[in-house]
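Reader: Please take a close look at a single part of this structure, describing how its pieces are put together, and then place that part in the context of the whole chain.

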Amino acid sequence: MNPEALTTLKNTLKSSVVYTPDSEGYEQSLRRWSNTGIKPAGVVVMPSEAEDIRTALLWAQENNVDIAVKGGGHSVSGTSSSKDGLVIDLSRMTKVTVDTSNKTLSVQGGATWKEVDEAAGEHGLATVGGTVNHTGVGGLTLGGGYGWLSGLYGLTIDNLLSATVVLADGRILTASSTENPDLFWGLRGAGYNFGVVTNFTYQAYDQKNPVFAGLASFTPDKLERVIEEINASLLSSDPRSGAICILAQPPGALVPMANVICFYNGTYEEGSKHFGSLLALEPTVNTIKMIPYSQVNSLQNPMASYGDRKSFKGIFYHPPLDPKFARIIMNDFTEKVHSDPDLLASGILLEFFDMRKVCEVSQSDTAFASRSTTQNGIITLRWTDEKKDAEHRGWAREVQARWKAELDSKATDAEKDVPQYINYAEPGDSAVTNIYGENLTRLKELKAKYDPRNVFNKMQPISLD
Ligand SMILES: Cc1cc2nc3c(=O)[nH]c(=O)nc-3n(C[C@H](O)[C@H](O)[C@H](O)COP(=O)(O)OP(=O)(O)OC[C@H]3O[C@@H](n4cnc5c(N)ncnc54)[C@H](O)[C@@H]3O)c2cc1C
């Protein structure tokens, strides 16, 4: 990177912390959730205000420097990193302001859900956030966002009231249903394409009661019955409940288990009743108890820790999930992780959320294109040996293709074409062919209006052709 240009940048920024390869703390500034997401930036700018983001964006375009934006840093393919380019890292912009009279949360673009859950929780409030609380509000919101409260309140974007965006040309705009409504539409589901979001305002809801939540782990011989019971609990359609089944080998176990995180937004009695037949299968571990909502999204943190190389492949299925298919997947997964113990921290996550509230909003009301009753899941592989990157990613792609074939064998023609959830579809994922669905034409017009030079081009970029 041109040293003179760098000096100009540093002299023009007002309050940012800047890292270059020769500065102390540079390596740490590149850290991401997955080591596969790390790239050696030419310069990392950590702003504390929108003005400096404008300065950095204009500087990079004048000097033909590649631009990446980092929120929570969970992209495994490096969409929040740039080799030799500029990274605008929002990790110093994490403030959450709670308006208790209007029940709204104003959240800076670099915050994580932990900060949101805890700040809202102090006032007996909550909004729809991610189920792993160290993920960023930035990426999760801009791609749609699901969580434990989706059954009651829909997607994260369905609760987004406004956003402040720094565009590539340096303008700082508010987007809401009344100001720049076209941009607001695009931000909700394709949001990484238009600018740097410095602030999100969300609707919050009363959440004074603690919730019934925790982990129940079952030995693999019970897999079919576990899947049947979670299918039944999903079919009994209670928007206050949800479950995530994680096929993974917990530390200390000898084989992968069926680990189910159960959630019920109600009393202990109601939760116990809802999950009664599942828990009657006698889990070997059961940590379920009443906890404050603000702690729920920390339950998966021990399994979703930083470090290692990771592959993150989205899958989706048409409920009820076929227990026989789950068995085939479990057997193959067990064989794979036992043949290569470097993969032992891997897992396959299957979500069981009530999607009716999500589907109340039409496909064209926001840019988010995959509102449907299909359920999502993720194949998360973790390993350390860099030489095995291609092999492991290849295996994950094969498993992903089998889920797609399973979906196609059960779904109607309309369901087969449902676009894949953008936040679970990292670029370069060949199995993913449909992201924006029927909203693509309108998104192209918006891209041409708000980012005609395709400056924001890392995460599922909308082509300008
Ligand atoms: C462990 C784990 C658990 C997850 N759980 C859920 C879940 O429960 N529900 C769900 O819906 N999704 C979930 N996801 C998916 C998650 O929503 C995406 O990975 C999301 O992109 C992560 O956002 P981030 O800000 O942490 O990551 P980053 O890598 O920082 O960002 C991802 C993309 O968003 C862009 N971006 C981030 N912030 C901004 C901003 N403020 N302005 C402009 N662009 C920005 C980046 O440039 C990048 O392209 C999970 C992911 C992981 C890894």
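Author: A convenient entry point is Ala 68, whose bridge partner in E4 is Val 87. This is a predicted model, in which local features need pLDDT of at least 70 and side-chain atom pairs count only at pLDDT 80 or more, whereas totals for chains, interfaces and linings use all residues. Residues are numbered from 1 along each chain as its sequence is written, and side-chain values use heavy atoms, with hydrogens and water left out.

The pair of Ala 68 and Val 87 belongs to the contact between E3 and strand E4 (residues 86-89), which run parallel and are joined by 4 bridges. Helices (H or I, at least four residues) and strands (E, at least two) are DSSP runs numbered from the N terminus, and two strands count as paired if DSSP finds at least two bridges between them. Strands of a sheet pair through backbone hydrogen bonds, either parallel or antiparallel. E3 and E4 sit in an open sheet of 4 strands with the order E1-E2-E4-E3 and mixed pairing. Its edges are formed by strand E1 (17-19) and strand E3 (67-70), each of which pairs on one side only. On average, neighbouring strands of this sheet are turned by 20° against each other, direction ignored; axes here are lines fitted to C-alpha atoms, for helices over the stretch in contact, and angles run from 0 to 180 degrees between N-to-C directions. Helix H3 (residues 50-62) lies across strand E2 (43-46), E3 and E4, and runs at about 170° to E4.

The record supplies a frame for the next step: UniProt, in an unreviewed entry, places the feature "domain: FAD-binding PCMH-type" at residues 36-207, with positions given in the numbering used here, feature names shortened, and annotations that may be inferred rather than shown by experiment. That span is 24% helix and 26% strand, and its end C-alpha atoms lie 37 Å apart.

A second sheet, open and antiparallel in its pairing, has 5 strands in the order E5-E6-E10-E8-E9. Strand E5 (96-99) and strand E9 (172-176) are its edge strands, each pairing on one side only, and neighbouring strands are turned by 15° against each other on average, direction ignored. At one end of the order, E5 and E6 pair in the antiparallel sense over 4 bridges, with Val 98 having Leu 105 in E6 as its bridge partner. The two strands form a hairpin with 4 residues between them, and Lys 103 in the turn has a positive phi of about 55°. Further along the order, strand E6 (residues 104-108) runs antiparallel to strand E10 (residues 196-203), to which 5 bridges join it. Here Val 107 has Phe 200 in E10 as its bridge partner, and Gln 108 stands opposite Asn 199 in E10. Helix H4 (residues 113-121) packs on this sheet, touching E5, E6 and E10, with a direction that makes about 30° with that of E5; contact means heavy atoms within 4.5 Å. Helix H7 (residues 181-190), running at about 100° to strand E8 (160-166), lies across E8, E9 and E10.

Farther along the sequence, strand E18 (residues 347-353) is mostly covered, since 7 of its 7 residues are buried, where buried means under 20% relative accessible area, exposed over 50% and partly exposed in between (1.4 Å probe, protein chains only). Gly 347, Leu 349, Glu 351 and Phe 353 point one way from E18, while Ile 348, Leu 350 and Phe 352 point the other way, and all are buried. Strand E13 (residues 241-248) pairs antiparallel with E18 over 7 bridges, with Gly 242 standing opposite Phe 353. E18 also runs antiparallel to strand E19 (residues 375-383) through 4 bridges, and there Leu 349 stands opposite Ile 378.

As for the whole, the protein chain holds 16 helices and 19 strands. The radius of gyration of the protein chain (taken over C-alpha atoms) is 22 Å, close to the 23 Å that the globule rule gives for 465 residues, so the chain is as compact as a globular protein of that length; the rule is 2.2 Å times the number of residues to the power 0.38. Along its principal axes the C-alpha trace spans about 65 × 55 × 45 Å, and 58% of the 465 residues count as buried.
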